[in-house]
Amino acid sequence: MALQKGFRSLSIFKNHFRRISTSYLSPKLEGLSKDPSDITVEEYKTRRKNLIKLCLDSEPWRTSRNLLLCVPAAPPAYYSDQILYPFRQNTDFNYLCGYPKPNCVLILFTESGKEENFKSILFVPQPFEHQRIWDGEFEGEDSIARSTGVDEVKFTKDIASFLSTFVTDNSKFSLWYNYQKAVNPDFHKSVMADFLRQGKYKKLESCDLFVQSLRVVKSPGEIALIRKSMEITEAAFAAVDHMIDEWQSKRSKNSPLFEYEIQAVMEYVCQLNGGRLAYIPVIAGGNRGTTIHYVQNNHKIDPRELLLIDAGCEYKGYTTDITRVLNFSNLTYEQKVIIGLVQLVQEACIQMCTPQYSLNDIYRRMITIIGEYLQVMGFLDLKLEGKQFDRGADRFCPHHVGHYLGMDLHDTPLVSKEKKLQPGTLLTIEPGLYLRPEYIPENLSLFKGIAVRLEENILVTEKDPINLSEKVSPREKSFLARDADECMIDEKAQRIIAKLISNTGIK
């Protein structure tokens, strides 16, 4: 009887603790939209056709008759002996066929030099009876072909034989394979290294740039998945807000709040909605926010300091990337000034997210605005010009204004940031100011350690940009820059900001 009572008490304690620790999460998970459709088979086929066309168009004089493209899947990664990390597919492979398993190889090839006649074969590891016990049932070649739209599914043990036959039947062909950055080292070593040594190809190229030039413009299906990923991100940030409110209501018990607790809540919400954190988030209190990639997330949060959160969700292969700054108590004047400036810079940069500008155009404008304001505030010498001016501003914002976003966090890195933005492109706009103590003069010592970065995810259109992350709100106490009476309470600062607004063209 005593033992039964003990188990009953333990059960009551566990249930009570679970209600306390997760009660604030449930309301934030209600009302999420219906899951969007996955990328269709027809879209995968179109992507492969467009890639073949780009490769063919790159050879105007047709020095080779046919093309052979080889895109490997990622190998599994191990945390320790036989213990796997969560698998993440090679992005280019995922984009072209969507098959989620490791150690596969997608091969595309033309038979008559015309893109409409190309063939696709997906090579997958051959299943063995004993392996089924550990990894589950093999779905079968026909099922894989239907889900990916490839012409044929074969086993990876037959790749070498296929390549040998292809070489025999095609005396002149271009090989498209990135041997300098082998996605799957074992496949490269066991198959492709020997194939390359034979030198039977007419020309050797990498198709990575062409794939990324396709990936940079998002289809309606991709945008729907990104919107869903953003909705989960919004719920995660909202859960953090609610958690902080609950913690503040119980602060009389002197229980500290740690950065890793914020991370845990966000991870919980993402996982519960079918996603996962897109990267190790930055949960940085106070001066730790001046370390751009601070990911230890193990410190106690000081309610007097700002909390910088940089986090995103990955949902069905598409990511978000959001940064917000939260305050636990009333903002100081110095915090208001820096938050207000960063918000104004961000507004100016977002307005430039149109086909008339490139990411580097926007970056150069950001550095100019930040530098001018820092000079007026006394953080930079008023005499600085040219490259010295840029270096001075870069000290306080040492990163780019943003990056392309999509299937990868820093998506399509081979696409130049000097290229004019195309409708359908998704990018981040994330100006920041990091007032590291060693850079701040003593007469402005109250600004020391303030770190503010604000990051939105912007969709470029033919007309005005669309802010996909506008519903991912900061806490209510964080004033928006457009609320100038709240954010910039000093008249001189108001005049400075007004001048900068007129210079940047903010409406």
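This briefing walks through some side-chain contacts, surface features and backbone details of the structure above. The model is predicted, so please read each value below as computed from that model. Across the structure there are 29 salt bridges and 13 aromatic pairs, while the disulfide count is 0. Welcome aboard, and feel free to find each residue in the 3D view as you read.

**Salt bridges**

- The structure contains 29 salt bridges, and the points below introduce some of the residues involved.
- Glu-139 and Lys-101 form one of these bridges, with their closest N and O atoms 3.6 Å apart. This pair connects distant parts of the chain, as the two residues are 38 residues apart.
- To find the two partners, look for Glu-139 in the loop between helix 4 (129-135) and helix 5 (141-148), and for Lys-101 in the loop between helix 3 (91-97) and strand 4 (105-109).
- Glu-139 is partly exposed at 35% relative accessibility, and Lys-101 is partly exposed with a relative accessible area of 35%.
- Arg-436 meets Glu-438 in a salt bridge, with 2.9 Å from N to O. Arg-436 counts as partly exposed at 27% relative accessibility, whereas Glu-438 counts as exposed at 52%.
- Glu-442 pairs with Lys-448, and the closest N and O atoms of this salt bridge are 2.7 Å apart. Here Glu-442 is exposed, with a relative accessible area of 59%, while Lys-448 is partly exposed at 31%.
- Some salt bridges share partners: Arg-88, Asp-92, Arg-215, Lys-218, Arg-276, Glu-314, Asp-408 and Asp-411 are joined in this way into one network.

**Aromatic rings**

- The model has 13 aromatic pairs.
- Phe-258 and Tyr-260 make a stacked pair, with ring centres 5.1 Å apart and 15 degrees between the planes. The pair counts as stacked because its angle of 15 degrees is under the 30 degrees used as the cut-off.
- Both members of that pair can be placed by their accessibility: Phe-258 is partly exposed with a relative accessible area of 21%, and Tyr-260 is partly exposed with 44%.
- Five phenylalanines belong to one aromatic cluster, namely Phe-109, Phe-123, Phe-162, Phe-166 and Phe-173.
- A charge also meets a ring in this model: the charged end of Arg-395 sits over the ring of Tyr-439, 4.6 Å from the ring's centre.

**Cysteines**

- The number of disulfides is 0, and two cysteines help to illustrate this count.
- For Cys-207, the closest cysteine sulfur belongs to Cys-55 and is 5.7 Å away, which is too far for a bond. The cut-off for a disulfide is a pair of cysteine sulfur atoms within 2.5 Å.
- Cys-353 is in no disulfide either, with its nearest cysteine sulfur, in Cys-349, 7.6 Å away.
- Cys-207 is buried with a relative accessible area of 4%, and Cys-353 is buried at 0% relative accessibility.

**A nonpolar patch on the surface**

- Tyr-79, Ile-83 and Tyr-85 form a nonpolar surface patch, and together they have about 350 Å² of accessible area.
- Ile-83, one of the patch residues, lies in strand 3 (residues 83-84).
- The relative accessible area of Ile-83 is 43%, so this residue is partly exposed.

**Backbone angles worth a look**

- Most residues other than glycine have a negative phi. The residues in the next points are exceptions to look for in the model.
- Gln-82 is not a glycine, yet its phi is positive at about 65 degrees. This residue lies in the loop between strand 2 (78-80) and strand 3.
- Asn-297 is not a glycine and also has a positive phi, of about 50 degrees. Look for Asn-297 in the loop between strand 10 (282-285) and strand 11 (307-311).
- Are these two loop residues buried or exposed? Gln-82 counts as exposed at 67% relative accessibility, whereas Asn-297 is buried with a relative accessible area of 1%.

Conventions. Residues are numbered from 1 along each chain as its sequence is written. This is a predicted model: local features need pLDDT of at least 70, side-chain atom pairs count only at pLDDT 80 or more; totals for chains, interfaces and linings use all residues. Side-chain values use heavy atoms; hydrogens and water are left out. Patches are made of residues with over 30% relative accessible area and no salt bridge: like charges are joined within 9 Å, nonpolar side chains (Val, Leu, Ile, Met, Phe, Trp, Tyr) within 5 Å. Accessible areas come from the Shrake-Rupley method with a 1.4 Å probe; for residues, only the protein chains shown count as cover. A salt bridge is a side-chain nitrogen of Lys or Arg within 4 Å of a carboxyl oxygen of Asp or Glu. Helices (H or I, at least four residues) and strands (E, at least two) are DSSP runs, numbered from the N terminus. Buried means under 20% relative accessible area, exposed over 50%, partly exposed in between (1.4 Å probe, protein chains only). Rings of Phe, Tyr and Trp (its six-membered ring) pair if their centres lie within 6.5 Å; planes under 30 degrees apart count as stacked, over 60 as edge-to-face and the rest as tilted. A charge sits over a ring if NZ of Lys or CZ of Arg is within 6 Å of the ring centre and within 35 degrees of the ring normal.
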